[in-house]
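Student: I would like to work through this model with you, one local feature at a time. Could we take the cysteines to begin with and then move on to charged pairs, cavities and backbone geometry?

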Amino acid sequence: MSSKPLIIVESPTKAKTITKFLGKDYTVRASNGHIRDLPNSASEIPAKLKKENWAKLGVNIACDFQPLYVIPKNKKENVKALKDAIAKAELLYLATDEDREGESISWHLLDTLKPHVPTKRLVFHEITKEAIEQALNNPREIDLNLVRAQETRRIVDRLFGYEVSPLLWKKMAPRLSAGRVQSVAVRLLVERERERIRFRQASYWDLKAVFQKLSSQTGNDQFEAELVQLQGKRIASGKDFDPENGNLRADEKVAALNEEQAKALTQRLMEAAPVVSSVEEKPYSTTPPSPFVTSTLQQEANRKLRYSAKRTMAVAQQLYENGFITYMRTDSTTLSEEALHAARSLIRRDFGEEYLPAKPRQYATKVKNAQEAHEAIRPAGESFTPIDAVKQQMGEEAGRLYEMIWKRTVASQMQNARGKHIVVQINIDDALFRASGKTIEFPGFLRAYVEGSDDPESELADREKILPHLVENETLKTLQLEPLEHQTQPAPRYTEGSLIRELERRGIGRPSTWAAIVELVLSRQYAFKKGTALVPTFTAMAVVGMLEKHFSSLVDYDFTARLEDYLDAISRGEAENLKYLHDFYFGDGYPGLRALVEQGESSVDPREACRIPLGRTGDNQDIEIRIGRYGPFLTDGTQRASIPDELAPDELTLEEAQKMLLNASREPESLGTHPETGEPVFLKIGPYGPYVQLGQSGGQEKPKMVSLLSKMAPESVDLECALKLLSLPRSLGEHPETQKKVVAAVGRFGPYIKCDKDTRSIPQDRFSPLDITLEQALELLNEPKGKGRARMKPALLRELGSHPVSGAALQILSGRYGPYVSDGTLNASLGKNMDPNTVTVEDAVQLLEARAERGDAPKKGRRRRTKAPAAED
């Protein structure tokens, strides 16, 4: 059998698409992401290095920050398969993605596989036959500047995470994490929440009028106007009030109305005749938005489709790897000649010549790093695939994102929207009202795409506001005057989209990292979602406070942005990576990471770091929030109260805290008395959830407590149910063979049965420890016991179908820790906001690939111990 060229890409999906274009003349294999990385655990460190004091860090600082790369256990089989494939090849092409991460994957493949055949680098920003053939005709060498930039970022993030996170564990609480970009993103959320905490609401009033022409015959020429001036002074609006005290800012030219004044003014003005004082018409022309880059795609998908940044990038990855869009991690708004020709041909055909500008539109880009600035995100190919065809092949979720990309690309090459703005001012005595109108004379690009709208046609109608024909000095009729109350509003919390926009504006992070940053902040429980808003937790408030005090430079926005610029300079070959690492760790005219951590070890007071002052009560009691080992709680020095997980920091006022502490100090009302002991039975909520208690607290003996079962709602627990729980552990009788007692109980990992030293978990979808019988318990004891701790057999939730590459059956199962997808070899948990009933085959493949790429995926049926994370961005 003759040898043929081998192409290595990152993912099976990408491999399948390329194989479709190249046929049998090439062998295409997937690396499944990075094949090696810094060690994630001590077990991955080579035996000869385990005694080195730097090995756990994975970076030998004393030896020019030399990284220690290891091949994770679950990657070794694939590495062997790739080596075997190279042995049969005549030529090797490394065709990973064109950004820093992709360049790094190619370099690691080359360094690890050590091919004996000629090796070239292929890059293409879209997976089409033409693009692949062009790349094959123009291969290049691996760009070591890009590799060094990626490696430098990886080392910096490892140093930050592994040096600062342990300090958080020691001084604050276990499992906390810090990261170079993660911590800065959390700081943005915390600063916005502090603004909201300081905010004081103010009320103000104005008037809304409804006017009509005197000559009206049909009544269709009514229009609304709002009061803008009174006695020559501008009517106050929200921006005129200080958000931190609610007072009107001093300005002699501003008039603020209260309710009484607004109502009196209404009565007075109803007696006077309104007269048009001016009519102003101005033409306007609106240019289309630029084609999508990574940040604007994430923001618009979040606003329009309600997709998270992570979901957007996962779906975009599917579209890219299946050949429907260009590369999705970019900050360039440039369109290629091929794209411009495709868009202009489509506009001419589908919209008409009048919608086509004389010349193609070019959009300026802010990109500094020319090597990574390729092209905007657009439909791939020399002609754009129809939207319906993509929906049919990829499903509704991917189809909707593709539709947005398609419309935005086409709109970017269409004519401006043109029309007229009309502003009419009406005097009534000493009051001035204003009415605004807008007409669209030519919709231009709005015919194809409107930001934030799914339906351009309906949006066009909503955007027009028609006023009747009016002339100066024309007398009108007042149909209605209505006083309206308004309240000032606090600054809105960040959403995923607006947080990414702010990070981009400040120059923090890059297209390949924004989605991961947001996901990391949520997964590390530094924020939770309230609708689409990102709400920082109390733990986040305390951690940021500590970092600002002791690591101010590391969470400084400008400092972080400068580091990003330096990484860009390294990728362009304009800066030296070792100097960057040295300055970051040892400092250069400022304290480096090592000095800051050493200072923190001695100067951070754990009690102070875990304390968030809330305020002082009228009787001079200080109330504060403290971050404990198991989460935040309230205390006044003597009494404690748990803080609900979903309570936003700006909602916890001093008054609310006093109520919570008072309620916590009271014994709850008894559900009734125990029929045998006569003691009261209580239902309580503790730091680990709801439980029932027999007897009062505070005595010499600790009262008996039993947690509610996982599916029990506290409001459904009555005395009968509580007594059943308190009967646990419950004797079911003797085993007929061993005469040993069989007991049903609830433990740390859920309900179980025990006979002597033999235990089995009680599957909660089959039995309950409250009413399981001896016969049912014996049935469980006769079932084979799993290795290690007994566990329930995962319940099958859905059959998804076959894996598009391996052909393995994809299933969604319900396990001890929630729903997950499995292909029989790998398991991957569903995201927190993913519904098992709506997960597609594409979603499942993406989850499994991501799990494989992380290098921590255990084989099905095996368990691994977890440790507190040292976060890295």
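Student: Is Cys610 buried or exposed?

Tutor: Bear in mind throughout that this is a predicted model. Buried residues are those under 20% relative accessible area, and Cys755, at 7%, is one that meets this cut-off. Cys610 has a relative accessible area of 5%, so the term for Cys610 is buried.

Student: How many disulfides does the structure hold?

Tutor: A disulfide requires a pair of cysteine sulfur atoms within 2.5 Å. By that criterion, the number of disulfides in the structure is 0.

Student: How many salt bridges does a search of the whole structure find, and how far apart in sequence are the parts that Asp97 and Lys14 tie together?

Tutor: The search of the whole structure gives 61 salt bridges, and in one of them the side chains of Asp97 and Lys14 meet with an N to O distance of 2.8 Å. Asp97 sits in the loop between strand 5 (89–94) and helix 3 (100–113), whereas Lys14 belongs to helix 1 (residues 12–22), so this pair ties together parts whose separation in sequence is 83 residues.

Student: Are Asp97 and Lys14 buried or exposed, and which residues are linked with them in a network of salt bridges?

Tutor: Both Asp97 and Lys14 are buried. Side chains of opposite charge can pair when their charged atoms come close. The network of salt bridges that includes this pair links Glu10, Lys14, Asp97, Asp99 and Arg329.

Student: Which residue forms a salt bridge with Asp430, and how many residues apart in sequence are the parts tied together?

Tutor: Asp430 forms a salt bridge with Arg268, and their closest N and O atoms are 3.1 Å apart. Asp430 lies in the loop between strand 12 (417–428) and strand 13 (431–442), while Arg268 is in helix 7 (residues 259–269), so the parts that the pair ties together are 162 residues apart in sequence.

Student: What are the relative accessibilities of Asp430 and Arg268?

Tutor: The partly exposed class lies between the 20% limit for buried and the 50% limit for exposed. Asp430 counts as partly exposed because its relative accessibility is 25%, and Arg268 is likewise partly exposed, with a relative accessible area of 35%.

Student: Why are Arg505 and Glu502 separated by about one helical turn, and is Glu502 buried or exposed?

Tutor: The side chains of Arg505 and Glu502 meet in a salt bridge with an N to O distance of 2.7 Å. They are separated by about one helical turn because they are 3 residues apart in helix 14 (residues 496–505). Arg505 is exposed, at a relative accessible area of 58%, whereas Glu502, at 13% relative accessibility, counts as buried.

Student: What is the volume of the largest cavity, and which elements give two or more residues to its lining?

Tutor: A search of the whole structure finds 2 cavities of 30 Å³ or more, and the largest has a volume of about 40 Å³. Its lining consists of Ser177, Gln182, Ser183, Val186, Tyr526, Val543, Val544 and Leu547. The elements that give two or more residues to this lining are helix 6 (182–198) and helix 16 (538–550).

Student: How many charged residues are in the lining of the largest cavity?

Tutor: The classes in question are nonpolar, polar and charged. The lining of the largest cavity has 5 nonpolar residues, 3 polar residues and, for the class you ask about, no charged residues.

Student: Where does Ser727 lie, and which backbone oxygen does its side chain reach?

Tutor: Ser727 is placed in the loop between helix 22 (719–726) and strand 25 (730–734), and Ser727 counts as partly exposed because its relative accessibility is 35%. At 2.5 Å, the side chain of Ser727 reaches the backbone oxygen of Lys724.

Student: Which residues are joined by a cis peptide bond, and what is omega?

Tutor: Pro729, one partner in this bond, is placed in the loop between helix 22 and strand 25. The cis peptide bond joins Leu728 and Pro729, and omega is about -5°.

Student: What are the phi values of Lys114 and Asn473?

Tutor: Lys114 is found in the loop between helix 3 and strand 6 (119–121) and is exposed, with a relative accessible area of 61%. Asn473 lies in the loop between helix 13 (456–463) and strand 14 (476–487) and is exposed too, at 62%. Neither is a glycine, yet phi is positive in each, at about 45° for Lys114 and about 70° for Asn473.

Key
Residues are numbered from 1 along each chain as its sequence is written. This is a predicted model: local features need pLDDT of at least 70, side-chain atom pairs count only at pLDDT 80 or more; totals for chains, interfaces and linings use all residues. Side-chain values use heavy atoms; hydrogens and water are left out. Buried means under 20% relative accessible area, exposed over 50%, partly exposed in between (1.4 Å probe, protein chains only). Helices (H or I, at least four residues) and strands (E, at least two) are DSSP runs, numbered from the N terminus. A polar contact is a pair of N or O atoms within 3.5 Å; within protein, one must be able to donate a hydrogen and the other to accept it, and residues adjacent in sequence count only if both atoms are side-chain atoms. On a 1 Å grid over the protein atoms alone, a cavity is a set of points where a 1.4 Å probe fits but cannot get out, and a pocket is an open set with protein on both sides within 12 Å along at least five of seven lines; lining residues have an atom within 4 Å of a point. Grid points are joined across faces, edges and corners, and a volume is the space filled by probe spheres set on the points. A salt bridge is a side-chain nitrogen of Lys or Arg within 4 Å of a carboxyl oxygen of Asp or Glu.
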